[in-house]
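Got the viewer open? Let's take a walk through the empty spaces in this one, one selection at a time.

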Amino acid sequence: MTLQQLRYVAMVAEKGTMTEAATELYISQPSLTKSIRELEKELEIVIFERTNKGIVVSHEGEQFLAYARQVIEQADLLEEKYMHKSGRKQQFCVSTQHYSFAVNAFVDLIKEHGTAQYDFSFRETQTYEIIEDVAAMKSEIGILYLNDFNEKVLRKIMKVKELVFTELFVAKPHIFISNRHPLASRKSVTMEELHEYPYLSFEQGEHNSFYYSEEIFSTVQRIKNIRVRDRATLFNLLIGLDGYTVCSGVIDSELNGGNIVAVPLEKEGDMHIGYVSHQKSHFSRLGIAYIDALKRNIGENTELI
């Protein structure tokens, strides 16, 4: 196994075809195909599955790529420092529940560490997919919460998938509502007072278990329910329908708009918000920088509550 072969695999995964990858690498397609087949034979794994529609990365190939990209990144850093070569395209991916501080941290990461070339991904997605992304090493970091209700189940799943949860902070229950909502001026609200208003939550797709809910108190029965897939839709419905969603209370008026406010909810139930990582991988330079940015933004935003 050589560094060159690792670069070949990463390029094929990025381009999606041998032809495009070979063009980008300035080698012939037969030479590229032969090199990757030799690597697969040496490691006794299938990195790319060949289909009638082209090639796709296999499950074991996804894990191999995660390790390979870490090696490539370190090699690039060595070349930059000691051989004065310009940096190659940086790659980084994070999967997260819908948190404004996670977005702000991602912005800071790009401003501070983005070079002339980079390929970053920020996935605001379902809880199940966050766990799967990190388990398959598609994402280096996943952001979600644990509480008394879901912790036992999610920790069991994470243990099986060899994941580690690191807590960032503990949040008390709040609701997000429009600043024009009848309850917006209250110092706190109860579940009973929210009974008549539409409840908004993020859809969890096929894995719509209460344990995967992005909102705490997911088992509470509500007479008006609306499920959405993205943050913008949820906030528009909060404003247009006098709806509410249960949340951490961490809000950024610059990102979410000044017409959304957080009001404490009079109900017991802490949210332990943190990040998930794979226990077999080491944080990249960008991963460490993103975690630092998360901590800074959490400190700034929690002061707004």
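**Stop one: the cavity**

Start by selecting His 98, Phe 176, Phe 202, Glu 214 and Cys 247: of the 17 residues that line the largest cavity, these lie nearest its centre. Keep in mind as you look around that this is a predicted model.

How many cavities of 30 Å³ or more does a search of the whole structure find? Just one, and the space in it comes to about 200 Å³.

Now colour helix H8 (231–241) and strand S10 (245–247); each of them gives the cavity lining at least two residues. Switch to colouring by residue class and the lining of this cavity splits into nine nonpolar, five polar and three charged residues.

**Stop two: a pocket**

Next, select Tyr 199, Ser 201, Phe 210, Ser 218 and Arg 227. You're now at the second largest pocket, and those five lie nearest its centre, out of 16 lining residues. This pocket holds about 290 Å³ of space.

Which strands should you highlight here, each with at least two residues in the lining? Go for S8 (199–202) and S9 (225–228). Linger on S8: its three residues are the largest share of this pocket's lining.

Keep the class colours on for a last look. Around the second largest pocket you'll find nine polar residues, four nonpolar and three charged. Flip back to the largest cavity, and the count there is nine nonpolar, with five polar and three charged.

Terms used: Residues are numbered from 1 along each chain as its sequence is written. This is a predicted model: local features need pLDDT of at least 70, side-chain atom pairs count only at pLDDT 80 or more; totals for chains, interfaces and linings use all residues. Side-chain values use heavy atoms; hydrogens and water are left out. On a 1 Å grid over the protein atoms alone, a cavity is a set of points where a 1.4 Å probe fits but cannot get out, and a pocket is an open set with protein on both sides within 12 Å along at least five of seven lines; lining residues have an atom within 4 Å of a point. Grid points are joined across faces, edges and corners, and a volume is the space filled by probe spheres set on the points. Helices (H or I, at least four residues) and strands (E, at least two) are DSSP runs, numbered from the N terminus. Ala, Val, Leu, Ile, Met, Phe, Trp, Tyr, Cys and Pro count as nonpolar, Asp, Glu, Lys and Arg as charged, and the others, Gly among them, as polar.
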